[in-house]
Amino acid sequence: MSKEEKMKKAEDEGNEVIAVKSKLIEGAGKALQEQGKAAAKSASKGVGDVIKGINSGMSESINQSEVIPEAAFKVNFEECKAEKIYGSDADKVKKVTIYLIAKNDFKGDLILKAFNADKKEIGRSRLAVDIKKDDAKYVDFSFDERTHLLQTEYFTIK
């Protein structure tokens, strides 16, 4: 899918989420009117949990991706997830944040590669890392502004 198609799909999904939330709130309101205080408490908690779940699911599906570690990475670090960060058109920031948990002392470069649904590399970033055993920290891999992070299906790290 092109960037425009993905953006349109995201907009359509957002519209659908809002429509679902509206119906949930309408249903909760009716339940509150009919069932009294106990039902109102239960319904409002349920609606809140559903809305949190919808928001969390949407955020994870768009912003988070699987990271497939190479063997040497697994020796030094725990498995990790990637969070894609999209800057505004003005600042053109394209970065991926990884939370590293070190199994051993490590000082060197990490390479993060982005792949699309066709398993084709669409971008890569190199980052110098210095971390001690049992430490953890967030690291940011910067990508060229032309990298289509929305099209990224998964990353590899070595």
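Which residues does F155 touch, not counting residues up to four places away in sequence? The list is S65, E66, V67, I68, A82, K84, V96, L112, K113, A114, F143 and L149, where a contact means heavy atoms within 4.5 Å.

This is a predicted model, in which local features need pLDDT of at least 70 and side-chain atom pairs count only at pLDDT 80 or more, while totals for chains, interfaces and linings use all residues. Residues are numbered from 1 along each chain as its sequence is written, and side-chain values use heavy atoms, with hydrogens and water left out.

**The sheet**

Seven strands make an open sheet with mixed pairing, in the order 5-4-7-1-2-3-6. A strand here is a DSSP run of E with at least two residues, numbered from the N terminus, and two strands pair if DSSP finds at least two bridges between them. Strand 5 (121-131) and strand 6 (136-142) stand at the edges; each has a single partner strand, so one side of each is left without a neighbour in the sheet. From one strand to the next, the twist averages 30 degrees; axes are lines fitted to C-alpha atoms, and angles run from 0 to 180 degrees between N-to-C directions.

Four of the pairings are set out below.

| Strands | Sense | Bridges | One pair of partners |
|---|---|---|---|
| Strand 1 and strand 2 | antiparallel | three bridges | S65 and A82 |
| Strand 2 and strand 3 | antiparallel | five bridges | A82 and I98 |
| Strand 3 and strand 6 | antiparallel | seven bridges | V96 and F141 |
| Strand 4 and strand 5 | antiparallel | 10 bridges | L112 and S125 |

A82 in strand 2 is the bridge partner of S65 and also stands opposite I98 in strand 3. Strand 4 and strand 5 form a hairpin with five residues between them. In the turn, K119 has a positive phi of about 65 degrees.

**The core**

In soluble globular proteins, nonpolar side chains tend to be buried together. The largest nonpolar core in this model has 21 residues, and I98, L110, L112 and F155 touch the most other members. Such a core is a set of buried Ala, Val, Leu, Ile, Met, Phe, Trp, Tyr and Cys residues joined through side-chain atoms within 4.5 Å; buried means under 20% relative accessible area (1.4 Å probe, protein chains only). Strand 3, strand 4, strand 5, strand 6 and strand 7 (154-157) each give two or more residues to this core. Strand 4 gives the most, with four residues.

How values were computed: Buried means under 20% relative accessible area, exposed over 50%, partly exposed in between (1.4 Å probe, protein chains only).
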